[in-house]
Amino acid sequence: MNPKQRPAPRTALWTVVVTSVAGFMAALDNLVVTTALPAIRADLGGTLEDLEWTVNAYTLSFAVLLMLGAALGDRFGRRRLFVAGLAVFTAASAAAALAPGIGALVAARAVQGIGAAVMMPLTLTLLTAAVPAARRGAALGAFGAITGVAVAGGPLIGGTLTEHIAWQWIFWLNVPVGMLLLPVARFRLAESRAPGARLDVPGTLLVSGGLFGIVYGLVNGGSHGWTSTRVLLALTAGTVLLAAFVLHGSTARSPMLPMRLFRGRAFLGINAASLLMFLGMFGSIFLLSQFLQTVAGYSPTEAGLRMLPWTGMPLLVAPLAGILSDRIGGRPVVAAGLALQAAGLGLFALVLEPGVSYAVQLPALILCGLGMALFFAPAASVVMGSVRPAEQGIASGANNALREVGGALGVAVLGAVFAARGGYESGRAFTDGTVPALWIGAAAVAVAAAAALLIPSARAPQGARPVASGAPVPDGAVGSVPHGRPARAAG
């Protein structure tokens, strides 16, 4: 190996910092707005559907364009597109904070999602390129810890800012951070591309249209009814387009997402586990954070603080879990984390009552936190190690897209179960709706644990060819890993 091709330690450190902070902002904005909705409605007005779209506009554009963002980075340069996505996200955050009405806020949230969709899938490829393979698990564990805290801690951060300052600050928070990161990313991150990458226009149109239909149908099912013409047409069209995308990925010469990747057990297992884990986690946090406010009577800040044994655990455990996954492989760590998460949600379903004390809830919160931390740490490493370096950009985009769709599906499905079995009329009604929804969430995460067992064990020798990924890239090839060696076959 040419020493000049080794990542510089200082470049690796800057890359970990920049990508982790950017990933934190993008992940945070999934749920940060939820606890601010009453204040937004009081300030800007709008119908219930308008308020829902302040959450869903971000999720929709984020999920739909993740695959395109990864493909653009592979073709035109990952650092270049990362900086462009960060700039769009930062500007849209300022526009959201300055929005004069609910329509302008929804539009700004959609543009935020576009910037995040370009930025987020490139964080992992930039990080993988800059960090030596021997330390990659620890770096990805730190990245997973920070983004995991952002996903789960959104309600706490949003509630605290809304309660003590103003709802606009949930968006202003991104602006100085983004402006600080832009020059650092431009001058401190190394550029990388996928060799021979081309834009797959038919595949891009099919997957973008398909994800749009599916996510649009999911986020409108509750407000318009699951049997309404709008929802059924969106879900049907989305399913047809995604089926066409699968066929295209199986037959086209250079598809954006080769379906052969899913023949690899590691890639199939971690993506199935990611979708189901986010389904159970997003839907459960959405309901439980409301339970603490609506039934237990806590303020948004108090509710968020009481969720910290769950939401704050990744910050403590995930870096250690990343190191552990380097030693024993990703499969046992991911599977154990998902099993603990499922057990925690099941325990919640067993103990939840209108008058339940916080002490009784605490063991379930701790189990869920440990499980989430163990999942986030090695999952990114497994994704990046399951494909060739040249395919890591699109692998990251695919995994993030499936997570976002899983989160939207979780809120929609668990919300529908809640609406069918309970409601907001009383603490008893809210509990009656939440408990069966939690059982659904626990079952989804338990199936995710089973899917994680598809990931091969870490017995393959270092540098072995990843399953179903083609021949390894020879030394000196220009890929997402600067020195050209194939990524470690994680887990």
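This is a walk through the structure above, one selection at a time. Keep in mind that you are looking at a predicted model.

**Stop 1: the whole chain**

Start with everything shown as a cartoon. You should find 18 helices and 0 strands. Switch on a surface and think about what it hides: of the 491 residues in the protein, 58% are buried. If you draw contacts between residues at least 6 apart in sequence, 83% of them join residues at least 24 apart.

**Stop 2: the cores**

Now select Met67, Phe82, Leu257, Met281, Trp310, Leu338 and Phe348. These are the residues with the most contacts inside the largest nonpolar core, which has 109 residues. Which helix gives the most to this core? Colour helix H11, residues 265-294: it supplies 14 residues. Next, colour domain 1 (9-187) and domain 2 (257-457) separately. Both give residues to the core, so it lies between them.

There is also a second, separate core, this one of 20 residues, and Leu28, Val32, Ile40 and Phe171 are among them. Hold on to Phe171, as the tour comes back to it.

**Stop 3: along helix H11**

Stay with helix H11 and pick glycine 269, which is found there. Is glycine 269 buried or exposed? Its relative accessible area is 0%, so it counts as buried. Show what surrounds glycine 269: leaving aside neighbours within four places in sequence, it is in contact with Ala451, Ala452, Leu454 and Ile455. For a distance to draw, join the C-alpha atoms of glycine 269 and valine 383; they are separated by 9.5 Å, though the two residues are 114 residues apart along the chain.

Asparagine 271 is also in helix H11. With a relative accessible area of 2%, asparagine 271 is buried too. Show its side chain and the backbone of phenylalanine 267: the asparagine side chain reaches the backbone oxygen of phenylalanine 267 at 2.7 Å. Not counting residues up to four places away in sequence, asparagine 271 touches Phe262, Ala398, Asn399 and Leu402.

**Stop 4: helix H16 and the loop after it**

Select glycine 371, in helix H16. Glycine 371 has 0% relative accessibility and counts as buried. Beyond residues up to four places away in sequence, glycine 371 touches Gly337, Leu338, Leu340 and Gln341. You have already met Leu338 among the residues with the most contacts in the largest core. Trp310 was on that list as well, and the C-alpha atoms of glycine 371 and tryptophan 310 are 8.9 Å apart, with their positions 61 residues apart in sequence.

Move on to valine 387, in the loop between helix H16 (358-385) and helix H17 (392-421). Being in a loop does not put valine 387 on the outside: it is buried, at a relative accessible area of 0%. Draw a line from valine 387 to alanine 266, and you get 8.9 Å from C-alpha to C-alpha across 121 residues of sequence.

**Stop 5: the rings**

Show the aromatic side chains. How many aromatic pairs are there? The count comes to 6. Ring pairs link Phe291, Phe418 and Phe430 into a cluster, so zoom in there before going further.

Then return to Phe171, together with tryptophan 167. Their rings form an edge-to-face pair, 6.3 Å centre to centre and with 85 degrees between the planes. Tryptophan 167 and phenylalanine 171 are both buried. One more ring to check is phenylalanine 187: arginine 186 lies over its face, 5.2 Å from the ring centre.

**Stop 6: glutamine 168**

Next door to tryptophan 167 in the numbering, select glutamine 168. Where is glutamine 168 found? Look in the loop between helix H6 (133-164) and helix H7 (169-172). Glutamine 168 has a relative accessible area of 19%, and it counts as buried because the cut-off is under 20%. Its side chain makes a polar contact with the side chain of aspartate 43, at 3.3 Å. Leaving aside neighbours within four places in sequence, glutamine 168 is in contact with Asp43 and Ala97.

**Last stop: proline 202**

Finish on helix H9, residues 201-224, where you will find proline 202. At 45% relative accessibility, proline 202 counts as partly exposed. Join its C-alpha to that of alanine 252, 50 residues away along the chain, and the separation is 9.7 Å.

Conventions. Residues are numbered from 1 along each chain as its sequence is written. This is a predicted model: local features need pLDDT of at least 70, side-chain atom pairs count only at pLDDT 80 or more; totals for chains, interfaces and linings use all residues. Side-chain values use heavy atoms; hydrogens and water are left out. Helices (H or I, at least four residues) and strands (E, at least two) are DSSP runs, numbered from the N terminus. Buried means under 20% relative accessible area, exposed over 50%, partly exposed in between (1.4 Å probe, protein chains only). A polar contact is a pair of N or O atoms within 3.5 Å; within protein, one must be able to donate a hydrogen and the other to accept it, and residues adjacent in sequence count only if both atoms are side-chain atoms. Contact means heavy atoms within 4.5 Å. A nonpolar core is a set of buried Ala, Val, Leu, Ile, Met, Phe, Trp, Tyr and Cys residues joined through side-chain atoms within 4.5 Å. Domain bounds come from an automatic or database domain assignment. Rings of Phe, Tyr and Trp (its six-membered ring) pair if their centres lie within 6.5 Å; planes under 30 degrees apart count as stacked, over 60 as edge-to-face and the rest as tilted. A charge sits over a ring if NZ of Lys or CZ of Arg is within 6 Å of the ring centre and within 35 degrees of the ring normal.
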